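Please examine the sequence and the structure below. The report that follows describes selected features under short headings.

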Amino acid sequence: MIIGNWNSIDKALEEIGMIDLGIGEITSSLGRRLHEIIEEHSHELTELSERRRGIEAAVKSFCLINKGEFETKRSKQFHHGRISFRTAERIEVPEDWSIRRLKL
């Protein structure tokens with residue numbers, strides 16, 4: 001597009017507006033279709049998510065039972081990923097430490 005006068009600026013702005021409307025319509029249509037697809041597969045997605053949570057719980061349970069193996073090295077590398085495990089179960093604060101000291 002060649003802009004040579006104010007009238008061509010007006011036409012360019014009109015075209016930009018029309019393009020923006022077209023983009024908005026397409027984006028809206030895609031959003032509706034995506035929502036429909038997600039709804040169609042929601043049962044499968046739920047099942048997979050629950051399966052993943054179950055596997056994560058089993059891995060965590062195994063690591064808790066075998067937490068002694070993480071005392072010298074905090075993580076273990078495997079072919080398909082890495083497990084990082086912190087053995088600290090609580091944080092101890094000295095008895096004489098108080099909130100007032102934070103204000104100083």
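## Ile-9 and the nonpolar patch

In this predicted model, Ile-9 has a relative accessibility of 31% and therefore counts as partly exposed, since that class lies between the limits of 20% for buried and 50% for exposed residues. Ile-9 belongs to helix H1, which spans residues 6-40.

Ile-9 is also one of the residues that make a nonpolar patch on the surface. The other contributors are Met-1, Ile-3, Trp-6, Leu-13 and Ile-16, and the patch covers about 710 Å². A residue may join such a patch because its relative accessible area is over 30%, and the 31% of Ile-9 meets this condition.

## Overall architecture

The chain contains 3 helices and 2 strands. Read from the N terminus, their order is α-α-β-β-α.

Of the 104 residues in the chain, 5% are buried. The chain exposes a surface of about 10200 Å², and 57% of this surface is supplied by carbon and sulfur atoms.

## The arrangement of H1 and H2

How do the axes of H1 and H2 cross? They come within 4 Å of each other, at an angle of roughly 60°. The two helices are therefore described as oblique to each other, because an angle counts as roughly perpendicular only from 65 to 115 degrees and as roughly parallel only under 35 degrees.

The contact between these helices involves Ile-38, Glu-39 and Glu-40 on the side of H1. Their counterparts in H2 are Ser-42, Glu-44 and Leu-45.

## Salt bridges

How many salt bridges does the structure hold? There are 2. One of them joins Glu-56 to Arg-52, with 2.2 Å between the closest N and O atoms. Both residues lie in helix H2 (residues 42-65); they are 4 residues apart, which means that about one helical turn separates them. Glu-56 is partly exposed, as its relative accessible area is 42%, whereas Arg-52 counts as exposed at 54%. The two residues fall on either side of a limit, because exposed means over 50% relative accessible area.

A salt bridge also links the side chains of Glu-69 and Lys-76, with an N to O distance of 3.5 Å. This pair qualifies because the limit for a salt bridge is 4 Å. Glu-69 has a relative accessibility of 47% and counts as partly exposed. Lys-76 is likewise partly exposed, at 28%.

Notes: Residues numbered from 1 in each chain as written. Predicted model: local features only at pLDDT ≥ 70, side-chain atom pairs only at ≥ 80, totals over all residues. Heavy atoms only, no water. Patch = residues over 30% accessible without salt bridge, like charges linked within 9 Å, V, L, I, M, F, W, Y side chains within 5 Å. Areas by Shrake-Rupley, 256 points an atom, 1.4 Å probe, with all protein chains shown as cover. Buried < 20%, exposed > 50% of the residue type's maximum accessible area, 1.4 Å probe, protein only. Axes fitted to C-alpha atoms, helices over the stretch in contact; angles between N-to-C directions. Parallel < 35°, antiparallel > 145°, perpendicular 65-115°, else oblique. Contact = heavy atoms within 4.5 Å.
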